[in-house]
Amino acid sequence: MEIRKAEFVISNSDVMKCPTDTRPEYAFIGRSNVGKSSLINMITNTKGLAMTSSKPGKTQLINHFLIDDSWYLVDLPGYGYAQRGKTGRENIRKIIEDYIMYREQLTALFVLIDSRHEPQQIDLEFMEWLGENEVPFSIVFTKADKNSFSRLKENIESYKASLLEVWEELPQMFITSSEKKQGREELVDYIDAINKSLK
Ligand code: GTP
Ligand code: MG
């Protein structure tokens, strides 16, 4: 699938104020700084569409980007950013949880995981929370360019082993680098197939 048009529509702190049309949407969640906003720019081939930063905590709202007038990509704030203070963290947690629990247009959720690290408790717990709430998700490993091939393979194998301690089967997984545009086609084709199945 080719993406011809990508436009920013609106930012919201409240899921109830998000666009009211029924176009399907695809959302990215994960720890602050994992590369959610960068991935949206990579997928849409539009540098600067979603705001990114080398410091964690950049995205603080629910951001809707309309793609080819027919579906949305949604950039969410990241979890796990320690410096935000207790109230700040609570607010962000509520934004994320309300969006995931109440957004009927949410068609697929991608949990982004930094491919440089061993399985992290915070991500495993977040996925368990999704499981408890019966929210299906896929995993997108990010920043693949920052690893050697053998290290990347090792980290992903180790992640699979951790997941299989809790889950009976593994979710769909993608390996990406926004820097090198790796994994773009797989993600876009996956979204395209879902969009087609909805018609
Ligand atoms: P929050 O909005 O704070 O939750 O972060 P985020 O998940 O949106 O991360 P963002 O896209 O802002 O990226 C964080 C940092 O990681 C930026 O400095 C990006 O340039 C960098 N980054 C993101 N993806 C990649 C990647 O694939 N490779 C490399 N090398 N750096 C990346
Ligand atoms: Mg962001």
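This report describes the surroundings of ligand 1 and the setting of one residue, Asp114, in a predicted model.

**The ligand site**

Ligand 1 occupies the largest pocket. Around ligand 1 there are 22 residues, and the closest of them are Lys36, Ser38, Gly57, Asp145 and Ser178. By residue class, the shell around ligand 1 holds 13 polar residues, seven charged residues and two nonpolar residues.

Polar atoms of the protein lie at short listed distances from oxygen atoms of ligand 1, as the table sets out.

| Residue | Protein atom | Ligand atom | Distance |
|---|---|---|---|
| Ser38 | polar side-chain atom | oxygen of ligand 1 | 2.6 Å |
| Gly57 | polar backbone atom | oxygen of ligand 1 | 2.7 Å |
| Gly78 | polar backbone atom | oxygen of ligand 1 | 3.3 Å |

On its own, ligand 1 has 650 Å² of accessible area, and the protein covers 88% of this area. Two residues of the table, Ser38 and Gly57, are also among the closest residues to ligand 1.

**Asp114**

A separate point concerns Asp114, which belongs to strand β5, a strand that spans residues 106-114. Is Asp114 buried or exposed? The relative accessible area of Asp114 is 11%, and because a residue counts as buried under 20%, Asp114 is buried. The side chain of Asp114 makes a polar contact with the side chain of Arg116, at a distance of 2.7 Å.

Definitions and conventions
Residues numbered from 1 in each chain as written. Chains lettered and ligands numbered in written order. Predicted model: local features only at pLDDT ≥ 70, side-chain atom pairs only at ≥ 80, totals over all residues. Heavy atoms only, no water. Near = heavy atom within 4 Å. Polar contact = N/O pair within 3.5 Å; in protein donor to acceptor, adjacent residues only side chain to side chain. Areas by Shrake-Rupley, 256 points an atom, 1.4 Å probe, with all protein chains shown as cover. 1 Å grid on protein atoms, 1.4 Å probe; cavity = no way out; pocket = protein on both sides within 12 Å on 5 of 7 lines; lining within 4 Å. Sits in = over half its atoms within 2 Å of the grid points. Nonpolar A, V, L, I, M, F, W, Y, C, P; charged D, E, K, R; others polar. Helix = DSSP H or I, 4+ residues; strand = E, 2+ residues; numbered from the N terminus. Buried < 20%, exposed > 50% of the residue type's maximum accessible area, 1.4 Å probe, protein only.
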